[in-house]
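Here's a walk through one fold, from its helix packing to its strand pairing and charged contacts. Have a look at the model first, then read on.

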Amino acid sequence: MLGKLFKRLTKSKNPESKRYRYDMAQRICGHHVKYVTERINNVDEVIGRSGGLNIRDDELLVYASFKVLMRCKIADMEAAELLSKDGVVITAPDLENGGKIRTVIVYYVYYR
C-alpha cells in the first residue's frame with residue numbers, strides 16, 4: 001500500500017516527460033480492443049477490430065485484425081485517454097510504416 005501511495009504522489013504531470021509517457025503506456029497496456037480508427041483528412045476510418053495493446057521492450061504495439069496496426073517507441077508517443085475513459089488517442093511515428101507520424105484512436109471493449 002505504501003508503494004502505491006508513493007507512486008501516486010510522485011507521478012509526473014508533464015505530458016512531455018518520458019516518465020509520464022511510460023506511466024501512460026503502463027495504464028493503457030493490457031486493455032482489450034473493440035476497434036481501432038485512424039484519422040485521415042479529418043475523417044475517422046476503422047482500420048482494425050478485436051485486438052489488444054501490448055508493451056514489448058520499449059515499444060507500444062496496437063494489435064487488431066490479426067496484425068500489428070501500429071508500433072511506436074514509448075518515449076516518442078503522445079497518448080491521451082478519451083474523456084469517457086473507453087479509449088485512447090495515440091499519436092506517434094509508426095515503426096511499422098517507416099516512421100510516418102500517425103494518429104490512431106483505440107476503443108476498449110466494455111465489460112460489465
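A quick word on terms: helices (H or I, at least four residues) and strands (E, at least two) are DSSP runs, numbered from the N terminus. Keep in mind that this is a predicted model, where local features need pLDDT of at least 70, side-chain atom pairs count only at pLDDT 80 or more, and totals for chains, interfaces and linings use all residues. Residues are numbered from 1 along each chain as its sequence is written, and side-chain values use heavy atoms, with hydrogens and water left out.

**The sheet**

Let's start with the sheet. Its 7 strands form an open sheet in the order 4-3-2-1-7-6-5, with antiparallel pairing; two strands count as paired if DSSP finds at least two bridges between them. Strand 4 (67-73) and strand 5 stand at the edges with a single partner strand each, so one side of each has no neighbour in the sheet. From one strand to the next, the twist averages 30° (axes are lines fitted to C-alpha atoms, for helices over the stretch in contact, and angles run from 0 to 180 degrees between N-to-C directions).

Here are some of the pairings:

| Strands | Sense | Bridges |
|---|---|---|
| Strand 2 and strand 3 | antiparallel | 6 bridges |
| Strand 3 and strand 4 | antiparallel | 6 bridges |
| Strand 6 and strand 7 | antiparallel | 8 bridges |

Within these pairs, Gly51 has Ala64 in strand 3 as its bridge partner, Leu61 has Arg71 in strand 4, and Asp94 stands opposite Lys100 in strand 7. The hairpin of strand 2 and strand 3 has 2 residues between the strands, and Asp57 takes a positive phi near 55° there. The hairpin of strand 3 and strand 4 also has 2 residues between the strands, with Ser65 at a positive phi near 55°. As for strand 3, 5 of its 6 residues are buried, so the rest of the structure largely encloses it. Buried here means under 20% relative accessible area, exposed over 50%, and partly exposed in between (1.4 Å probe, protein chains only).

**Helix 2**

Which residues of helix 2 (residues 18-28) are buried? They are Tyr20, Arg21, Met24, Ala25 and Ile28. Seen down the helix axis, they fall within an arc of 135°, so they line one face of the helix; the arc is that of the directions from the helix axis to the C-beta atoms. The face turned away from that side carries the exposed Lys18 and Gln26. The cover over the buried residues includes strand 2 (43-56), strand 3 (59-64), strand 5 (78-81), strand 6 (87-94) and strand 7 (100-108), where contact means heavy atoms within 4.5 Å. Just after helix 2, Gly30 takes a positive phi of about 95°.

**Salt bridges**

The structure holds 10 salt bridges, each a side-chain nitrogen of Lys or Arg within 4 Å of a carboxyl oxygen of Asp or Glu. Asp23 and Arg19 meet in one of them (4.0 Å, N to O), and both lie in helix 2, 4 residues apart, about one turn of the helix. Arg19 is partly exposed, at 40% relative accessible area.

Glu81 forms a salt bridge with Arg27, the closest N and O atoms being 3.7 Å apart. Glu81 lies in strand 5 and Arg27 in helix 2, so this pair ties together parts that are 54 residues apart in sequence. Glu81 is partly exposed at 21%, and Arg27 is partly exposed at 40%. Lys85 forms a salt bridge with Glu81 too, at 3.3 Å between the closest N and O atoms, and Lys85 counts as exposed at 55% relative accessibility. Elsewhere, Asp58, Glu59, Arg71, Lys73 and Glu96 are linked in a network of salt bridges.
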